[in-house]
Amino acid sequence: MILAWIIIVLLAGGLAAWFLARWDPLWARRTCLFALLLDLALAVSVFWLGHIETGAAGLPETGAWLIELNVPWIPQLGIGLHLAVDGLSLVLVLLTIFLGLLSLSSAWSEITGRVGFFHFNLMWILAGIAGVFMSLDMFLFYFFWEMMLVPMYFLIAIWGHENRQYASVKFFIFTQASGLLMLLSILGLFFIHGANTGDYTFDYTRLLGTQVSPSIAIWLMLGFFIAFAVKLPAVPFHSWLPDAHTEAPTAGSIILAGLLLKTGAYGFIRFLIPLFPDMAARFAPVAMGLAVASIIYGAVLAFAQNDLKRLIADTSISHMGFVLLGVYAWNGLALEGALMQIISHGISTGMLFMMVGSIQERIHTRDMDVMGGLWPDAPRMGGVMMVFALASLGLPGMGNFLGEFLVLFGTYRVSSAFAVIASLGFVLSTIYSIWMIQRTFHGEKRGGYRVRDLSSREMAASAVMIAAIIWLGVYPQPVMDTASPAFNGIQGAAKMQKAPDPVSGRPSKDARAKSIWTLTP
Amino acid sequence: MLELLWLIPAMPFAGFLVLATAGKKLSRTGAAVIGAGSAGVSALISLIVAFSFISSPPAGNSYSQVLWEWVNTGGLSLSISFYLDALSVIMVLVVSVVGFLIHLYSTGFMARDDGYSRFFSYMNLFVGSMLTLVLAGNLLLLFLGWEGVGLCSYLLIGFWYRETQNGYAALKAFIVTRIGDTAMAIGLFLLFYNLGTLDIQQAMGLAKANWPVGSGIAIAAAALLLGGALGKSAQLPLQTWLPDAMAGPTPVSALIHAATMVTAGVYLIARTHVLFTLAPPVQSAVAIIGAATLLVAGFSALAQHDIKRVLAYSTISQIGYMFLALGVGAWSAAIFHFMTHAFFKALLFLGAGVVIQGLNEEHDMFRMGGLRKEMPATFWSFLIGAASLSALPLVTAGFYSKDLVLWDVWSSRTGGNWLWAAGLLGALLTSIYSFRMVFLTFYGEKKTPVTRTPGPVMLIPVIALAALSAVGGFVEIPGTMGNVPLFSGFLETALPKMVFSGVPESELISQIIAAILSVGGIYVAYFFWLALPEYARDFTKHPAGSALHRFLFSGWGFDWLYARLFVRPYVWAARVNKRDVIDLFYSGIALINRLSHYALSATQTGKVRWYVMVLGFGAFITITIVVFT
Amino acid sequence: MIFSVPMEEGLVLAWVLFVTGLVGVIVRRDIIFILMSIEIMLNAAGLAFVIAGARWAQPDGQVMFIFIMAMAAAEVSVGLALVLQLYYRRKTLDVDSASGMKG
Amino acid sequence: MDADTLRALLPLIIISATPVAVMLVLAFYRSHALTVFLVLAGLALSFASLFPASGLLPRMAAGLLVLDHYSFFFMGLMFAATFAVALLSYGYLGRKDIFPDEYYILLLIAAAGSAVIVSSSHFASFFLGLELLSVPLYALISYPRANPRNVEAGIKYLILAGTSSAFLLFGMALVYAELGTMEFPRISTAALFPGTDRNFVLAGVAMIITGIGFKLALVPFHMWTPDVYEGAPAPVAAFVATVSKGAMFALLLRYFTIFDIRRYGSLMLLFTVISIASMFAGNLLALFQNNVKRLLAYSSIAHLGYLLVAFLASGVLAAAAVAFYLAAYFVSTLGAFGVISVLSGKERDADMIDDYMGLAWRSPWLAGIFAAMLLSLAGIPLTAGFIGKFFIAAAGVDSSLWALVIILVINSAIGLFYYLRVIAALYSRRPGALAASPKLPVLGGITLGALSVALLWLGVYPATMLEIIRNTISRFF
């Protein structure tokens with residue numbers, strides 16, 4: 001029941017904030033803070049409960065669910081309120097709450113108009129995202145998947161910057177249309193499973209084994225793929241991201257970059273590949289090609305921008321390309337790498353957006369041609385921005401590096417060509433990150449403005465995040481131990497054949513003789 | 001005492017943390033004490049560790065210390081572990097001692113500069129990363145140090161961030177080295193895929209056991225690691241960033257771009273020598289690249305005006321020697337040359353720093369002169385450094401190391417007369433440009449007044465390094481003069497012995513020839529730039545001469561080539577696609593919708609009769625569809 | 001003797017009447033004439049019903065025709081009331097004047 | 001006509017008796033509040049009478065009407081919708097301060113007509129119900145007669161309805177001429193044996209479809225919709241959009257499912273073409289529409305297109321999908337028009353988008369309800385529309401009408417744009433024309449509140465409605 005409470009607390013917190021804001025906006029912020037902290041406590045308690053249930057041996061090895069809640073919702077259609085958490089979902093829920101706190105702190109000073117409604121939307125997005133990470137009923141997953149959109153739309157449309165109408169509508173239509181395609185795939189799966197076994201249900205665990213004829217399976221898989229690729233975003237479907245990020249308020253961008261993109265990645269790992277293992281295997285080269293294209297294209301696009309926020313938005317395209325690559329490499333290493341990349345990208349890009357937000361608060365523009373020479377006035381902001389710019393270019397010692405490297409280690413095992421092209425991304429990411437720092441903080445001062453440095457509150461938040469990103473880079477083992485049983489479970493569920501791990505000595509002759517494209521975990 | 005090993009890199013990192021967080025509140029002296037202090041303590045500990053390693057060598061001549069488990073998932077098990085053997089003892093000694101001296105020097109050099117604590121935090125971070133690189137037990141930790149060092153070189157080159165030129169130089173350095181690092185990363189993937197582990201000793205053992213000499217995998221792995229080494233050690237074709245890196249403060253150039261970072265590539269090849277022995281073509285490529293680089297850099301150094309750029313090109317050239325030695329399998333000779341080079345090149349940079357500050361930031365040698373009397377101490381130590389660089393026979397450390405390299409090249413199985421000849425030509429060029437520099441800066445009449453004389457804290461390191469440059473060579477007395485191979489004996493525990501094919505007495509011949517060339521070079525420099533300076537000047541006026549001068553000045557036009565080949569196309573491609581061409585596709589769809597809206601709403605004319613006509617027409621179509629299909 | 005006009009001709013007559021009514025509605029501009037044309041169409045339908053009823057010798061056709069007449073009357077009365085209002089407003093009977101709403 | 005049939009006919013009797021009672025009361029005492037009270041009481045009574053009568057079903061009444069769970073479900077839906085329309089009209093007409101003596105009578109007669117249509121099984125009862133519904137609408141659409149637009153709308157609707165009735169009748173006549181019977185059940189079975197001259201029957205059916213198509217405002221016959229919705233008063237527009245379309249679709253669904261449309265390739269093709277055309281035309285026409293009423297008109301055309309997708313899927317699941325979707329569509333459309341009528345002032349309705357600029361910051365509740373209704377029409381979760389669209393897609397996928405379902409997805413994506421345009425206006429920062437923050441009328445507020453609760457209830461926990469549908473609609477098959 002704790003899982004349902006996690007979502008309910010967020011929803012109730014949002015509503016309460018909306019009403020309380022009428023008397024005193026500060027109370028709205030405090031209720032949200034309290035709700036998030038309560039949620040954090042709940043999520044952490046899930047962690048310990050997981051331990052107790054499976055004895056001190058730590059998390060269950062076979063990826064069984066830590067905690068499960070299965071209540072019938074619409075019995076006529078076989079829809080149930082099926083929430084469950086394993087290592088992977090738990091880590092992502094914790095990330096949701098963590099970034100929720102960060103966005104709350106960034107909105108503390110930035111949002112002054114209509115505070116109540118803002119925090120209502122903020123909390124409901126977080127509830128939707130937490131719901132996506134926890135739901136195991138395909139209908140419920142789709143329900144939360146769409147529910148995230150509306151508050152996010154309001155966040156961008158009302159509190160956004162100049163071009164917010166266009167950006168918010170574009171974001172909404174992109175995600176909604178692709179979501180509907182996913183709905184068709186879910187329904188197709190529902191009916192085929194029903195026809196095969198007579199058991200009409202949307203429950204993920206029961207839908208896992210459906211035998212679908214390849215000619216139909218390709219379309220069902222494509223429906224899921226497009227929905228998750230739009231959300232991820234992979235290259236051909238990415239053009240909503242720069243607009244939405246640039247126009248969203250800082251808190252919105254943090255949630256958009258930190259969490260919404262991750263729901264797409266989570267969808268790939270949890271739903272797409274386990275449900276259509278063979279089709280995903282055949283589709284893997286195309287998907288990995290798109291992933292590599294996103295890495296390169298995102299980096300080149302980022303380098304060309306002169307709007308600072310748009311630049312950071314484009315970097316997300318590049319970083320998410322690594323996640324897609326890792327997911328479709330579909331082996332232990334690559335999945336762990338994808339998870340590390342998800343978490344560290346959430347933190348680093350979230351902080352970059354926070355810094356851009358504070359820059360914009362001070363000089364009221366995002367145009368880099370006007371910026372320059374900010375370092376003398378604001379060395380602390382420069383330092384923090386530098387740290388996270390370095391994190392985004394994959395400097396070792398920080399989470400992003402480990403994420404990208406593990407992904408490439410895993411991908412190399414599947415297909416070396418993709419790994420080599422993808423590692424080109426290191427050079428390109430260096431170019432845009434350093435170029436960004438050069439044009440904003442270094443060089444002579446172009447605009448005639450005085451910039452005050454970070455306040456102690458902002459500095460405290462940044463310090464926590466710097467510690468987090470470095471802790472992820474230097475000692476990621478706890479995160480990996482939480483998630484690895486989940487990945488074993490998922491890989492087991494996907495019933496993929498296991499290639500011999502190159503333990504010591506050369507991998508067996510045949511492992512290398514097989515065509516390079518076969519998907520080996 | 002070997003347990004203190006982890007303290008060596010930990011101290012500078014701690015210094016960095018203190019300075020980065022509390023930098024603003026510290027006074028100048030406080031920052032200096034912490035900065036130089038942490039480097040000093042690290043140097044002290046490394047001396048203690050080295051002494052205990054040499055006096056009572058641990059089992060198997062190596063000691064490894066595991067701190068904590070870094071990554072253990074899906075077949076990849078790595079830990080933060082340090083590995084100490086003879087090779088890394090020497091590297092640690094050189095890095096920490098030279099580093100400490102340079103820290104001491106920069107407390108004086110940077111006295112008048114704001115951002116004092118920021119400078120020392122970056123320097124500490126650099127020393128920490130370099131020590132991690134040198135001591136790393138597995139390749140991924142080595143890569144961490146490798147990138148950390150690249151980052152610090154970016155931060156320190158662009159330390160005076162106000163001028164955008166420095167920013168661009170730092171950007172260029174970081175990107176070019178990053179290209180090399182990517183190659184190395186791919187090498188890591190390949191090694192892990194094929195060997196299953198990244199622990200260096202394990203990997204090398206497995207490689208030797210499983211891979212036949214000359215197998216494709218070994219060649220690929222060695223080539224990729226070589227790519228990484230080329231980027232970091234500024235060898236052809238990735239050497240363009242080092243001359244521009246002189247935009248940073250001089251102690252930075254001394255520490256990073258002379259003594260330590262640029263030799264990281266040498267260390268990497270030495271550490272993974274097993275791979276290179278398994279891939280002979282790649283090893284000979286290393287030799288050829290080394291030879292080519294030392295010639296290119298040597299010639300370019302001749303035409304430079306800025307004193308620091310001369311030293312930069314000279315560094316590239318000397319590292320070319322080390323690569324040459326590695327290429328022919330003379331592992332210990334390369335490391336020996338690395339050690340001596342670290343001493344005299346750091347000395348030359350620090351001397352240049354004193355000169356530049358004395359003439360309030362005057363870099364052009366042709367506007368210096370006659371400083372012999374003004375700064376005697378600097379002059380003498382600078383002279384020792386230059387002599388050691390040009391391998392003045394018997395007296396200087398440079399002689400012992402460079403001649404050992406030359407002789408090994410000549411007498412090694414894979415070497416050859418051509419490589420040896422290139423080495424000799426390079427030796428000649430070296431002595432010419434080093435003494436050209438000495439004569440231009442310290443001899444002739446004084447062109448700019450000296451405004452600032454160096455304080456004691458700057459002179460002590462210079463003098464210490466001068467001593468090391470003179471004495472440093474006696475560690476390895478060649479066969480012809482008593483044969484006291486202390487240094488290579490010590491290194492044998494870590495690196496394989498040199499395979500001789502030539503006749504032993506040829507060593508004397510090569511030493512004599514090298515000595516003649518070195519002295520001859522000094523005379524040539526004296527002739528052109530002191531006795532008949534106008535002869536050199538009108539040589540450059542002559543059209544062919546000036547073209548050659550410009551060609552050499554620009555470092556053989558690599559910058560020009562790369563700008564056209566890579567930089568401009570990439571910038572053009574980015575700018576062309578700024579509006580994101582894929583977005584046009586989606587706005588096209590939106591346009592179609594808009595047009596069809598206006599077309600359809602035109603049908604809503606408001607006239608009833610038109611509505612009835614449409615109704616009738618609709619009925620007609622319905623009937624035809626129903627009846628006739 | 002049941003005078004039997006063959007059904008097809010009857011229906012053709014009804015069809016012709018129907019089409020004239022339809023054309024009348026489309027072509028004429030005066031509202032009164034449009035209302036009359038609608039009357040023609042409805043009567044054509046009624047005629048068709050009567051013919052169908054005759055063919056099956058069931059009274060249903062004629063009953064339907066009575067319904068149709070009643071409905072036509074109701075419709076015309078409301079229509080004429082609206083026409084009065086329109087004339088009161090626009091002082092014209094041209095139906096195209098009643099096209100304020102479009103797009 | 002034994003006692004049981006009479007008791008079964010009770011709802012129809014009550015709904016017909018109420019207007020008479022209202023007329024009598026009006027003759028004595030003309031008070032708006034009393035009239036409305038009586039009307040609401042009548043509607044509530046007829047709705048309540050559905051439950052006792054449902055025990056006696058199914059039963060044929062005089063060969064003209066078939067009273068079974070199917071028709072009772074839709075009758076209930078019609079009465080509830082009329083109840084809501086009446087409540088909204090009270091506030092709306094009150095503000096126009098003209099004495100609406102005959103408005104409610106016409107409304108009740110139209111409701112009675114829709115009840116007759118829903119339960120008709122004979123051409124005559126179908127025609128009777130259709131005219132009972134249409135003729136009062138002519139007057140209702142042009143009701144206030146104050147501004148010229150109402151009269152114009154009324155005349156347009158009259159002329160077009162007249163023409164389409166003629167088509168319908170002529171079609172019936174042709175079918176009757178050929179098959180000799182006017183009962184729907186026997187027609188659907190009669191049409192099967194080869195003897196008859198198929199062309200006449202098919203032509204007749206086509207003309208009937210034209211008449212029905214006009215009433216459902218499907219594409220080739222939709223031209224009247226925007227002008228009538230814009231001209232008519234908001235509650236009447238809501239009535240036209242919901243009751244008249246709903247009743248007609250219920251009839252279409254009943255007889256074409258028995259008729260088993262899938263066996264007739266030509267009818268399948270016709271309805272597919274109409275459905276696709278309606279979806280595209282409805283959505284595209286509404287994209288950049290600045291008049292909210294016209295926008296809702298076009299959106300209702302598109303929604304009928306979606307309904308046709310489920311209709312074409314045909315089967316138990318499809319019928320349930322249509323029933324649920326109609327309920328959701330009713331709630332959303334009534335809610336949307338309800339907000340418009342609540343906001344409409346004395347001289348003109350609040351139908352331009354500029355009137356709604358920044359409404360959210362002056363009356364957040366009203367804007368919230370309007371946004372929820374629009375989101376439901378767009379098919380976004382937490383609203384009934386989402387479950388409705390999900391159901392339609394399920395029906396489509398079940399009978400693998402892949403082309404139609406893909407077009408459904410594309411169109412709902414296009415449709416998002418104009419719903420979001422209105423919502424964006426609601427929550428935009430610039431203040432709109434309706435500067436004064438409208439005082440929320442009590443009665444109107446209650447109806448809107450009830451409607452939004454229904455919306456959320458259907459959206460979040462549709463199991464109860466599905467239960468009702470299961471033992472009413474599905475029993476029919």
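**Figure 1. D:Glu230 and its salt-bridge partner in chain D.** In this predicted model, D:Glu230 has a relative accessible area of 8% and is buried. D:Glu230 pairs with D:Arg149 in a salt bridge, with 2.4 Å between the closest N and O atoms. The two residues sit in separate helices: D:Arg149 belongs to helix 7 of chain D and D:Glu230 to helix 10 (residues 224-231), so the salt bridge ties together parts that are 81 residues apart in sequence. D:Arg149 has 37% relative accessibility and therefore counts as partly exposed, since the class between buried and exposed starts at 20% and ends at 50%. The pair belongs to a network in which salt bridges with shared partners join D:Arg149, D:Glu152, D:Lys156, D:Asp227, D:Glu230 and D:Arg294.

**Figure 2. The salt bridge between D:Arg59 and D:Asp4.** The N to O distance between the side chains of D:Arg59 and D:Asp4 is 4.0 Å. This salt bridge links distant parts of chain D, 55 residues apart: D:Arg59 is in strand 1 (residues 59-61) and D:Asp4 is in helix 1 (residues 3-8). D:Arg59 is partly exposed, at a relative accessible area of 22%. D:Asp4 is also partly exposed, with a value of 28%.

**Figure 3. Surroundings of D:Glu183.** The loop between helix 7 (148-179) and helix 8 (184-190) of chain D holds D:Glu183. With 24% relative accessibility, D:Glu183 counts as partly exposed. The side chain of D:Glu183 makes polar contacts with two other side chains, that of D:Thr181 at 3.0 Å and that of D:Arg186 at 3.2 Å. Leaving aside residues up to four places away in sequence, D:Glu183 touches D:Gly63, D:Ser121 and D:His122. D:Ala313 is 130 residues from D:Glu183 in sequence, and their C-alpha atoms are 25 Å apart in space.

**Figure 4. The salt bridge between B:Lys447 and B:Glu445.** In chain B, the side chains of B:Lys447 and B:Glu445 meet in a salt bridge with an N to O distance of 3.7 Å. The two partners fall in separate accessibility classes. B:Lys447, at 43% relative accessibility, counts as partly exposed. B:Glu445 has a relative accessible area of 54% and is exposed, because that class takes values over 50%. Over all chains, the count of salt bridges comes to 34.

**Figure 5. The interface of chains A and B.** Five pairs of chains touch, and the pair with the most contacts is A and B. On the chain A side, 66 residues are in contact with 54 residues of chain B. Together the two chains bury about 5,400 Å², of which 69% is on carbon and sulfur atoms. A:Phe409, A:Tyr412 and A:Ile434 supply 11% of the area that chain A buries against chain B, more than any other three residues. Chain A does not touch chain C, the nearest C-alpha atoms of these two chains being 24 Å apart.

**Figure 6. Polar pairs and helices at the interface of chains A and B.** How many salt bridges are counted between chain A and chain B? The count is one. A:Lys170 and B:Asp583 form a salt bridge, with their closest N and O atoms 2.7 Å apart. Between these chains, 14 residue pairs are in polar contact, with both residues of each pair at pLDDT 80 or more. The elements of chain A that give two or more residues to the side touching chain B include helix 7 (164-197), helix 12 (277-304), helix 14 (332-363) and helix 17 (416-440). Helix 17 of chain A gives the largest share of that side, 13 residues.

**Figure 7. A nonpolar surface patch with residues from chains A and B.** The patch consists of A:Trp471, A:Tyr475, B:Trp6, B:Leu67 and B:Trp68. Together these residues have about 490 Å² of accessible area. B:Leu67 is part of strand 1 (residues 62-73) of chain B. At 35% relative accessibility, B:Leu67 counts as partly exposed. That value also meets the patch requirement of over 30% relative accessible area.

Definitions and conventions: Residues numbered from 1 in each chain as written. Chains lettered and ligands numbered in written order. Predicted model: local features only at pLDDT ≥ 70, side-chain atom pairs only at ≥ 80, totals over all residues. Heavy atoms only, no water. Patch = residues over 30% accessible without salt bridge, like charges linked within 9 Å, V, L, I, M, F, W, Y side chains within 5 Å. Areas by Shrake-Rupley, 256 points an atom, 1.4 Å probe, with all protein chains shown as cover. Helix = DSSP H or I, 4+ residues; strand = E, 2+ residues; numbered from the N terminus. Buried < 20%, exposed > 50% of the residue type's maximum accessible area, 1.4 Å probe, protein only. Contact = heavy atoms within 4.5 Å. Buried area = accessible area lost by both parts, 1.4 Å probe. Polar contact = N/O pair within 3.5 Å; in protein donor to acceptor, adjacent residues only side chain to side chain.
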